Amino acid sequence: MTINTSCTVTYSPAYTIVPTYECFNRCSYCNFRTEPGQSPWITLSAAETVLKQLQDQNICEILILSGEVHPRSPKRQAWFQRIYDLCELALSLGLLPHTNAGPLSFEEMQKLKNVNVSMGLMLEQSTPALLNTVHRHAPSKVPEVRLQQLQWAGELQIPFTTGLLLGIGETPDDCWETLEAISRLHQNYHHIQEVILQPHSPGNQQSFDAPPFDPHQLPEVIAKARQILPPDITIQIPPNLVKDDQWLLACIEVGARDLGGIGPKDEVNPDYPHIQEQALREILQPAGWELLPRLPVYPQFDDWLSRELQKAVRQWRKILTPTSLLQEQKSTNLPIS
Ligand SMILES: O=c1nc2n(C[C@H](O)[C@H](O)[C@H](O)CO)c3cc(O)ccc3cc-2c(=O)[nH]1
Ligand SMILES: C[C@H]1O[C@@H](n2cnc3c(N)ncnc32)[C@H](O)[C@@H]1O
Ligand code: SF4
């Protein structure tokens, strides 16, 4: 049997845990950060209470999304350890962690590989011009630092999510160059599972005074991204940041195939509530698209994971794979008599 995947759009049933909102960067479009020392870090016992409530709700991904502590701060080690412990806790409850905590050292990344089924970092834009504008006070957003992260993830064989932030002062050529940089890294390591095209969406906390990324341009950018990126990278768009149902369908028609993590709250864009699964299905189905849940790791990367992580992933694949397909797989695995 050949599976027809061409009419399928995926999403990841997800819950976001924020270790801390404090961040030493000040990206001027950010609606997430607080000043260093101004917000308590989430405790393991508070996280345990929340995570236990998620069990049996068919939520598989725990997105660990964090503000950042300076690499040379005396608090860095405790910050990193809290993130590690949160991942371990989620795993112990059968949930699948995906961490995006900004740039990490090679050793930090290597350690987190043991407790994450995939990790992520938005490249945003590879042009250094933005260091004079939105990233003037954001040392973590130096393009070489982020490109280095993508390279290390490849060397460490970590299934990786990256993406572009659109509408923060870049030119169209900057976008194509950023996509080409991602493609080149992927051609070396084959580790990028998805690229998020994230339209800048102003919220009520930010200082950057710019309109949202022009929604009319999004399908055009997706179409071009589909030409530049290798075919094994999925294009992800956040449905809550797209203008309306018709634009969402237009984005899918031109090549977006994933809607990212859908959960109770979009922590990065709290002013834009996620459209929930049933509502998405009602938009997609009349146009012939089937919405299916996926795991935070794509199947082609399963064998990069430790045995323990593979075990957790296998449990979820069993739950998410339709029984008919499992039977099909079983029969093709039978020895020929
Ligand atoms: O709900 C969100 N999920 C975000 N996610 C999660 C994403 O939607 C998926 O859950 C992941 O791709 C894993 O499957 C990110 C993951 C990354 O690695 C990098 C950036 C983002 C950004 C967001 C975001 O703005 N909002
Ligand atoms: C988690 C990712 O979310 C992106 N991000 C941060 N602020 C915004 C915003 N106002 N709109 C859209 N995306 C944003 C950044 O690229 C970050 O890396
Ligand atoms: S976008 Fe990330 S790095 Fe930038 S200020 Fe916000 S939390 Fe910090």
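**View 1. Composition of the shell around ligand 3 in the predicted model.** Sorted by class, the residues surrounding ligand 3 comprise 5 nonpolar, 4 polar and 3 charged residues. The shell around ligand 3 includes the cysteines C23, C27 and C30, together with N25, R26, F32 and R33. It is completed by G67, E68, G102, A138 and S140.

**View 2. Surroundings of ligand 1.** Ligand 1 has 19 residues around it, and those that come nearest are G120, T161, G260, G261 and V268. Two or more residues of this shell are given by each of the strands β1 (8-17), β2 (61-65) and β3 (96-100), and likewise by β5 (160-166), β6 (192-199) and β8 (258-262). By class, the shell around ligand 1 holds 7 nonpolar, 9 polar and 3 charged residues.

**View 3. The annotated region, residues 9-240.** An unreviewed UniProt entry lists residues 9-240 under "domain: Radical SAM core". Across residues 9-240 the chain is 34% helix and 17% strand, while the C-alpha atoms at the two ends of this stretch are 15 Å apart.

**View 4. Packing of helix α4 with helix α5.** The axes of α4 (residues 143-155) and α5 (residues 172-189) come within 9 Å and cross at roughly 20 degrees. Because angles under 35 degrees count as roughly parallel, α4 is described as roughly parallel to α5. The crossing in which α4 passes α5 is right-handed. On the α4 side the contact involves L147, L150, Q151, G154 and E155, which meet A181, L185, N188 and Y189 on the α5 side. Taken by class, this contact between α4 and α5 consists of 5 nonpolar, 3 polar and 1 charged residues.

**View 5. Packing of helix α6 with helix α7.** For α6 (residues 218-228) and α7 (residues 245-253), the axes come within 8 Å and cross at roughly 15 degrees, and α6 is therefore roughly parallel to α7. As α6 passes α7, the crossing is right-handed. The residues that make the contact are L218, P219 and I222, contributed by α6, and W247, A250 and C251, contributed by α7. By class, the contact of α6 with α7 has 6 nonpolar residues, with no polar and no charged residues.

Note on methods
Residues are numbered from 1 along each chain as its sequence is written. Chains are lettered from A and ligands numbered from 1 in the order in which they are written. This is a predicted model: local features need pLDDT of at least 70, side-chain atom pairs count only at pLDDT 80 or more; totals for chains, interfaces and linings use all residues. A residue is near a molecule or strand if its C-beta atom, placed from the backbone, lies within 6 Å of it. Ala, Val, Leu, Ile, Met, Phe, Trp, Tyr, Cys and Pro count as nonpolar, Asp, Glu, Lys and Arg as charged, and the others, Gly among them, as polar. Helices (H or I, at least four residues) and strands (E, at least two) are DSSP runs, numbered from the N terminus. UniProt positions are given in the numbering used here, feature names are shortened, and annotations may be inferred rather than shown by experiment. Axes are lines fitted to C-alpha atoms, for helices over the stretch in contact, and angles run from 0 to 180 degrees between N-to-C directions. Angles under 35 degrees count as roughly parallel, over 145 as roughly antiparallel, 65 to 115 as roughly perpendicular and the rest as oblique. A crossing is left-handed if the near helix is turned anticlockwise from the far one by less than a right angle, and right-handed if clockwise. Two residues are in contact if their C-beta atoms, placed from the backbone, lie within 7 Å.
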